[in-house]
Structure formats: structure tokens, C-alpha cells
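User: I am new to reading protein models. Could you walk me through the pockets and cores here, and explain why they get those names?

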Amino acid sequence: MIRRKEKSERLPGETAVTIGKFDGVHIGHRRLFDAVLAEKKNGYQACVLSFWTKSGEGKNVIYTRAEQELLCASLGIDVLAEYTLDEALRSLSAEQFVAEVLCKELNAKVIVTGEDFRFGKDRRGDTALLHNLSSVYGYRTISIPKVENGGTRISSTKIRELLTVGAMEEANALLGQPYFIYAEVVHGRQLGRTLGFPTINMLPPPEKLLPAYGAYVTQTRLGDVWYSGITNIGLRPTVDSGKRVSVETHLARYEGNLYGKTLETRFLKYLRPEQKFESTEALKQAIQKDMKKLF
């Protein structure tokens with residue numbers, strides 16, 4: 001997959017492009033992705049134009065830029081164009097955005113949007129304007145109806161609400177695959193080894209939205225193999241000061257050094273809330289009980 005971070009020279013090769021804030025990449029977004037992927041048979045590159053806020057402003061994103069790239073690659077997207085929503089971009093009129101960004105920079109010949117898509121300065125552009133300009137700039141438009149679940153529109157906001165209460169199965173159904181964390185394994189206190197359960201400690205970036213504190217059934221990818229595990233998210237009140245959020249996974253049937261590697265851990269099911277145990281022995285017994293649920 002080509003990754004293109006910001007505006008630059010004209011993209012070589014014609015594209016089918018979809019546009020939006022795709023930090024969730026949920027099943028509604030995937031309808032848009034499917035439409036551009038279908039255009040590959042016509043010789044177009046499948047392109048996703050993803051908007052991000054200025055550096056440092058992003059908070060509570062379901063998927064980080066690195067995670068979004070991983071997802072796009074797995075789905076077969078050819079080009080991921082990341083544009084920062086700065087003043088220069090916000091000041092473009094709707095037609096300027098079509099002419100300069102979509103047609104000139106991204107070489108779009110097919111433009112796929114949701115039916116309620118708005119764009120350009122003061123959000124004055126819509127799907128009707130996109131269609132009207134298509135004969136001027138030489139592209140085709142595809143408008144995708146909104147996707148609902150049980151009468152409720154699927155949105156990243158709804159998924160965030162589910163994640164913050166640990167409703168993993170419901171959130172995963174709307175995402176179209178298990179929520180995951182893709183982050184580097186860092187050194188922890190290595191307490192897990194003394195308890196007989198070696199762990200991997202992951203350090204997600206600060207903008208990453210984490211699920212509710214507690215223990216989860218997870219799977220971690222090591223190469224082409226998925227290993228089952230139990231992941232605890234929280235402040236580790238039994239053994240720590242309770243000031244630093246930890247993402248700590250006990251992998252079943254794996255022994256090895258993973259420090260410095262960037263791994264993907266998928267969250268399947270919420271087991272229990274985080275709690276403070278009276279001793280490390282009580283914590284060990286709780287971990288043993290959790291691990292038995294994997295088999």
C-alpha cells in the first residue's frame with residue numbers, strides 16, 4: 001500500500017477516492033471502502049482521504065494513524081492520503097476542494113461519499129454539488145446511504161460510548177472486526193514473571209481511546225500466529241501507585257522476548273472490572289482463574 005501523509009505533488013495514476021474522518025473505520029465506513037475497492041477492476045487505485053486535526057489536538061481516537069494504516073492495508077486500499085484540517089484546507093471553497101485536492105492532487109476519477117457528506121468552507125458543499133461538478137472536472141460520483149443498526153445510525157461516537165463501558169462485543173459488531181491496539185512492547189516491572197505469568201506491556205499513544213479499565217479476553221498477533229491471552233487495562237492498584245495507565249497482556253502458551261516489537265492485540269470480551277487485591281497471591285489466583293477461561 002502507498003502511504004501519502006500530506007499534500008504534495010499530483011498522485012500518479014487515476015483513483016477512486018472516498019473522503020472522511022475515518023478514525024473508527026466502522027462498518028459504515030467500510031461500505032465506502034468497498035465502493036472504491038470495487039473500482040479497482042476498472043483500473044483505478046483505491047484511495048482513502050482521511051482528515052485529522054492539527055498535531056496534538058487529536059483525543060480519544062478509536063484507531064490511531066498507524067492503526068488506520070494497518071486496517072487500510074489489510075482491506076486492500078492502495079493509497080492512504082492523510083490531510084490535516086488546518087486553516088488553509090478549511091478556507092478552500094467547495095469547488096476549490098474538488099478541483100485542487102480531489103482532482104489535481106489525488107487524480108480522482110470516481111468520488112465516493114456518504115449521502116449526507118458536507119465539505120468545503122462553511123460546509124457548503126454536498127453530494128448534489130459534487131454531482132453537478134462531475135461533468136466539469138471529469139469524474140463519476142457514488143453516494144452511499146447511511147448504515148443503521150437496529151434503527152440507530154452507526155457512528156464513531158456510539159462506538160466510543162460502548163468502548164468506555166467495556167461493551168466489546170457490541171462495539172466490535174459495529175466496527176466490523178475486533179477493536180485492537182497496535183503499539184510497542186515496553187519494559188514493565190516484570191512482576192508477572194514472579195507470579196508465573198510473563199506479560200507484555202504495551203504503550204499506546206496518548207490520543208488512543210482505551211476501553212474501560214478491567215480484564216479482557218484478547219488475541220495477540222505474533223507473525224502469522226494469533227495467541228490467546230488476558231489483557232488488563234488500568235492503574236494496577238494492587239502493585240503500583242495507581243497513577244499510570246497500563247496495558248498488560250498475559251499470553252497463553254508463549255515464551256519469548258518481545259521487547260521493542262510493535263504488536264496488534266485484539267479485544268474480544270470483557271471479563272471483569274479492575275480491582276485491588278489484598279495481596280499479590282490473591283492477584284495471582286485471579287489471573288489463574290482468568291486464564292482458565294481461555295481453554
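**Pockets and cores**

Analyst: Happily! In this predicted model, the largest pocket holds about 1200 Å³ of space. Of its 39 lining residues, Ile19, Gly20, Lys21, Phe117 and Arg123 are the closest to its centre.

User: What makes a residue such as Ile19 part of the lining of the largest pocket?

Analyst: A lining residue has an atom within 4 Å of a pocket point. Ile19 is among the 39 residues that line the largest pocket, so it has such an atom.

User: Which elements give two or more residues to that lining?

Analyst: They are β2 (15-20), α1 (27-38), β3 (45-52), α3 (87-90) and α6 (156-164). The largest share, 3 residues, comes from α1.

User: How many residues of each class line the largest pocket?

Analyst: There are 16 nonpolar, 10 polar and 13 charged residues. Gly20, one of those closest to the centre, counts as polar because Gly is placed in that class.

User: What lines the second largest pocket?

Analyst: That pocket has about 220 Å³ of space and 13 lining residues, with Pro205, Pro206, Lys208, Leu210 and Val245 nearest its centre. By class, 11 are nonpolar, 1 is polar and 1 is charged.

User: How do you know that Tyr179 is buried?

Analyst: Tyr179 belongs to the largest nonpolar core, which has 45 residues. Core members are buried by definition, so Tyr179 has under 20% relative accessible area. Beyond its close sequence neighbours, Tyr179 is in contact with residues including Ile62, Leu163 and Phe267. A second, separate core has 26 residues, among them Leu49, Ala108, Ile111 and Phe117.

Terms used:
Residues are numbered from 1 along each chain as its sequence is written. This is a predicted model: local features need pLDDT of at least 70, side-chain atom pairs count only at pLDDT 80 or more; totals for chains, interfaces and linings use all residues. Side-chain values use heavy atoms; hydrogens and water are left out. On a 1 Å grid over the protein atoms alone, a cavity is a set of points where a 1.4 Å probe fits but cannot get out, and a pocket is an open set with protein on both sides within 12 Å along at least five of seven lines; lining residues have an atom within 4 Å of a point. Grid points are joined across faces, edges and corners, and a volume is the space filled by probe spheres set on the points. Helices (H or I, at least four residues) and strands (E, at least two) are DSSP runs, numbered from the N terminus. A nonpolar core is a set of buried Ala, Val, Leu, Ile, Met, Phe, Trp, Tyr and Cys residues joined through side-chain atoms within 4.5 Å. Buried means under 20% relative accessible area, exposed over 50%, partly exposed in between (1.4 Å probe, protein chains only). Contact means heavy atoms within 4.5 Å. Lists of a residue's contacts leave out its neighbours within four places in sequence.
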